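Please open the model in your viewer and keep the sequence panel beside it. The tour below moves from one selection to the next and says what can be found at each stop.

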Amino acid sequence: MPLNPGKIKSIAVIGPNADRELLGGYSGRPKFYTSLLEGIRSKVGDRVQVPYCEGCKNHRGRILEPRLVTPSQPEEDRKLIQEAVKVAQQADVSWWPSVQ
């Protein structure tokens with residue numbers, strides 16, 4: 001996204017996958033990796049605040065062990081969404097990566 005760090009003070013990053021490693025089950029761990037959140041924070045440095053909020057849960061448990069995965073709890077998600085809205089409203093720019 002073409003943003004001018006000299007004109008904004010904060011970018012809110014919201015979403016359950018923004019601060020996660022999503023590499024796939026067979027990919028192994030690369031030598032260098034960054035999450036979306038880490039990438040934005042490293043790009044803007046100290047010039048721009050980058051608050052993060054999970055916003056909701058995708059699931060509980062480990063993806064690679066499907067028998068241990070359970071759906072998120074709606075009550076918990078509602079609270080996380082309310083928190084995310086507050087964080088987004090306080091920022092100059094909000095980034096909500098889509099959940100796949």
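**First stop: Ser10**

Select Ser10 together with Asp92, and you will find a polar atom of the Ser10 side chain lying 3.1 Å from the backbone nitrogen of Asp92. Bear in mind from here on that this is a predicted model. Ser10 belongs to the segment before β1, and with a relative accessible area of 7% the residue is buried. If you now display what surrounds Ser10, leaving out residues up to four places away in sequence, the residues it touches are Val48, Gln49, Gln90, Ala91, Asp92 and Val93.

**The chain as a whole**

Zoom out and colour by secondary structure, and the chain shows 2 helices and 3 strands, which follow one another from the N terminus in the order β-α-β-α-β. The chain has 100 residues, of which 27% count as buried. Its accessible surface comes to about 7400 Å², and carbon and sulfur atoms account for 53% of that area. Among contacts in the chain with a separation of 6 or more, 63% are between residues 24 or more positions apart.

**Strand β1 and its partner**

Next, select β1, residues 11-14, and turn the view so that you can look at one side of the strand and then the other. In a regular strand the side chains alternate between the two faces of the sheet. Which residues of β1 lie on each side? Ile11 and Val13 are on one side, Ala12 and Ile14 are on the other, and all four are buried, so that both faces of β1 are covered.

Add strand β2, residues 52-53, to the selection: it runs parallel to β1, and 2 bridges join the two strands. To see one pairing, pick Ile14, whose bridge partner in β2 is Cys53.

**Two nonpolar cores**

Now show the side chains of Ile8, Ile11, Val13, Ala18, Leu37, Ile40, Val44, Val48, Val50 and Val93, the 10 residues that make up the largest nonpolar core. The elements that give two or more residues to this core are β1 and α1, the helix spanning residues 36-44, and α1 gives the most, with 3 residues. Apart from this core lies another, of 7 residues, including Ile14, Cys53, Ala84 and Ala88.

Return to the largest core and centre on Val50, one of its members. With neighbours within four places in sequence set aside, Val50 is in contact with Ile11, Val13, Leu37, Ile40, Arg41 and Val44.

**A salt bridge**

Select Glu54 and Lys57, whose side chains meet in a salt bridge with an N to O distance of 3.1 Å; the count for the model comes to 1 salt bridge. Are these two residues buried, exposed or partly exposed? Glu54 is partly exposed because its relative accessible area is 23%, and Lys57, at 23% relative accessibility, likewise counts as partly exposed.

**Last stop: Pro71**

Keep Lys57 on display and add Pro71, which lies in the loop between β2 and α2, the helix of residues 74-90. Although Pro71 and Lys57 are 14 residues apart along the chain, a line drawn between their C-alpha atoms spans 8.4 Å. Pro71 has a relative accessibility of 62% and therefore counts as exposed, whereas Ser10, where the tour began, is buried.

Definitions and conventions. Residues are numbered from 1 along each chain as its sequence is written. This is a predicted model: local features need pLDDT of at least 70, side-chain atom pairs count only at pLDDT 80 or more; totals for chains, interfaces and linings use all residues. Side-chain values use heavy atoms; hydrogens and water are left out. A nonpolar core is a set of buried Ala, Val, Leu, Ile, Met, Phe, Trp, Tyr and Cys residues joined through side-chain atoms within 4.5 Å. Buried means under 20% relative accessible area, exposed over 50%, partly exposed in between (1.4 Å probe, protein chains only). Contact means heavy atoms within 4.5 Å. Two strands pair if DSSP finds at least two bridges between them. A salt bridge is a side-chain nitrogen of Lys or Arg within 4 Å of a carboxyl oxygen of Asp or Glu. Accessible areas come from the Shrake-Rupley method with a 1.4 Å probe; for residues, only the protein chains shown count as cover. A polar contact is a pair of N or O atoms within 3.5 Å; within protein, one must be able to donate a hydrogen and the other to accept it, and residues adjacent in sequence count only if both atoms are side-chain atoms.
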